[in-house]
Amino acid sequence: MSEPKDLIVEIGTEEIPASFMAGALAALGEGIEKRLRAAGLGYSAVRTMGTPRRLAVLVEALAPVQPDRKIQARGPNVKAAYDENGNPTKALAGFAASQGVAPGDLTTIKTPRGEYVYAEKVVKGERTERLLPAMLADTVSSLSFPKAMRWSAFEMSFARPVHWILALYGKEPVRFRFGHIESGSTTRGHRFHSPAKAVAVGEASRYVETLREASVIVDPAERLEIIEKGLEEEARAAGGRVLADRGLLEEVTNLVEYPVVVHGRFEEEFLALPKEVVVNAMREHQRYFSVVDDKGRLVAAFITVANTRASDMGVVRRGNERVLRARLSDAKFYYEQDLKVPLTERVEELRGVVFQSRLGTSYEKVMRFTALALYIGGKTGFCEGVAGDDPAAFLADDYRVRLAAAKDSPKEYAALILGRACVLSKADLVSGVVGEFPSLQGKMGSIYASASGEPAEVAAAIYEHYMPVGASGELPASVPGAIIGMADKLDTITGCFGVGLIPSGAQDPYGLRRQALGTVAVILDKGLRVAIDELVDKALDLLAEKLTRGRDEVRRDVLDFIRERLRNQLLGRGLSHDAVEAVLSTPWFDIVDAVKRINAIEGFKEHPACPSLVTAFKRVSNILKGRRIEGRGPDASLFETDHERRLFETGRRLAPVIEEHRRKGEYKALFEALASVKETIDAFFDHVMVMVDDERTRNNRLLLLHSIRSLYISVADLSRLVV
């Protein structure tokens, strides 16, 4: 038998966007592994590699042949296989012939469906080179991308047009087609350093080295290491260190095939710009790394990663310096012009900015979520005394006078800070710098607020209200920033649902999932005791004229949407599924309280009474499920047994105790008190038949169980626990 050999598959393309690379390589590797496992082919490792012009997967030590397999084929039932004398019937003979075995070689096996005749045979494993063409063609054609292209008149689609496919098993080409492209044994090197049309790869195991000789570093991990080392060296040469930016590092790694790191300089005058503007101008537009000194201050230098090594790298350096100079000059011009207009004057310009065609302008949105933020501030006790204020009043000329007068009234002062930050929070959207560098929204608003003499709390809240910007992003440090962010996000979520812009599948153009997760994260981080259903109701009131769907339907959909995000977040924290479901199937709108209940349930699971108590509560829920029970409570005069009376008295005694614990949020004590019903409820079920024929007795016993269920159902549906 021949030895295992390496398999290399490379799809050569025009330049693939850097953001596609990680997902594409993961899908390629997973696709190959899935098909190899399904075929029973062994291997030692699967490595994915790629550059902007290629996606590749290397399978090391791939077995040359499938293992032999023993298979069983089921034939007729024994009764149909043999006649009354035990002789084979035509049905048995036909089955044996179809399997290529003699009737005497068949076996009889008992199954849950009866006794059947089986044929057992060994299927010889297929050679790997015969399996690979279909397997590889299927893998390549199954790859998907955030956006795919078609080109010329060809039917297939890919991230970018495909120009070649390399496929070698050991030294032998694996022939298959992807559209009009036929695989072969050659690749292509660096576009400039190795312009030859085709580079022969003699053997799969030499793939990486062959491309290295053609000036392509195909392993992203190796390219990243080269870039990191180059950044350190060039930063030292520039008199500082690299400003850490993992995202940019990974992006640049996927933009080059042969990394060459070089640093350049820019004029000191640009350091007068806010640090964020300079860093953003270099990062977002040019993919340059910033350099800082030992105190974190910007140095008038940058580092770039080129894809070629020029004979004179000075030419490359000067070219990049010239491009950056123009970019920073633009930023300087916009910044200086922006400073000439107070932030308050920009709010009016938001009337000309459409937020969403059916939800109105950004000005309308700001007025809505300012009112919502003040409502949240009042509900959480952060501020008060502004319920009747028109949001536009926070732009009035007397604002600073009102603020100074409120110094001795903390909650009124907080309201003025909150309202002012709200109405100014989107004003930077119409500034020149944000128009040029959109990712600086919020940050520039904060800078311009400070420059306009706004209180530090206002400037901070303007910046923070966008947080978190990702699933694990930084959260607002201040309460005003947290409240404004919640209001903004809830207005967007409720508004979009209200006009039918509801996320489906992977489609979420307004980022509503992210905004719902952000809202939940902020509430939990700040411990805000506020009912989310009341906030949604207020948002719906403010959006009343915009809604194109029924209010009740929108309310239900929005709350279900937020609850699902909350569920996912809690499960991601490691909380058990049953405890989460037990609470989220009851009133959960006070999210901080809901999490407290879930944590208490996790502890209650260790209580000795928990398993049997949960079993009893499951019986209660099952009996009551789907039944319409008439009456406000059980009638003690209708009880026929002491077990009914004891359960009734236990419930009546526990009800005020449990309500007091619930009111105080003492859930550990609540569940421990509830555990005391265990023996009484067990005795009830052991000695009392609930579903008797007599309607009055039956209904009274159902009312009794309903009263017991009401002890806990507003806190958690304990019948959902798995113990």
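Two strands count as paired when DSSP finds at least two bridges between them. I kept that in mind while going through this predicted model.

**Entry 1: the three-stranded sheet.** I looked up the sheet that holds β4, β5 and β6. It is an open sheet with the order β4-β6-β5 and antiparallel pairing. I noted that β4 (69-77) and β5 (107-111) stand at the edges; each has a single partner strand, so one side of each lacks a neighbour in the sheet. The twist from one strand to the next averages 40°.

I then checked the β5 and β6 pair. Strand β6 covers residues 114-123, and five bridges join it to β5 in the antiparallel sense. One position I picked out was K110, whose bridge partner in β6 is E115. I also looked for a helix against this sheet and found α3 (residues 90-99), which lies across β4 and β6 and runs at about 160° to β4.

**Entry 2: strand β1.** Which strands pair with β1? I found β3 (residues 54-62), joined to β1 by seven bridges and antiparallel to it. I also found β7 (residues 162-169), which pairs with β1 over seven bridges, again in the antiparallel sense. For registry I noted L7, with bridge partner V59 in β3, and I8, which stands opposite L168 in β7. I looked up burial as well: β1 spans residues 5-13, and eight of its nine residues are buried.

**Entry 3: helix α27.** I checked the length of α27 (residues 695-709) against its residue count. At 1.5 Å a residue, its 15 residues should span 21 Å, and I found the end C-alpha atoms 21 Å apart, which agrees.

Next I listed its buried residues: T697, N700, R701, L702, L703, L704, L705 and I708. What do they pack against? My list has three helices: α23 (610-624), α24 (642-664) and α26 (678-687).

**Entry 4: L624.** I followed up one residue of α23, L624. Is L624 buried or exposed? Its relative accessible area is 8%. The cut-off for buried is under 20%, so I entered L624 as buried.

I then looked up its contacts, leaving aside neighbours within four places in sequence. They are I629, L702, L705, H706 and R709. Of these, L702 and L705 are also among the buried residues of α27. I took one C-alpha separation across the two helices: L624 and L703 are 79 residues apart along the chain, and their C-alpha atoms are separated by 9.2 Å.

Note on methods:
Residues numbered from 1 in each chain as written. Predicted model: local features only at pLDDT ≥ 70, side-chain atom pairs only at ≥ 80, totals over all residues. Heavy atoms only, no water. Helix = DSSP H or I, 4+ residues; strand = E, 2+ residues; numbered from the N terminus. Expected span 1.5 Å × (residues − 1). Buried < 20%, exposed > 50% of the residue type's maximum accessible area, 1.4 Å probe, protein only. Contact = heavy atoms within 4.5 Å. Axes fitted to C-alpha atoms, helices over the stretch in contact; angles between N-to-C directions.
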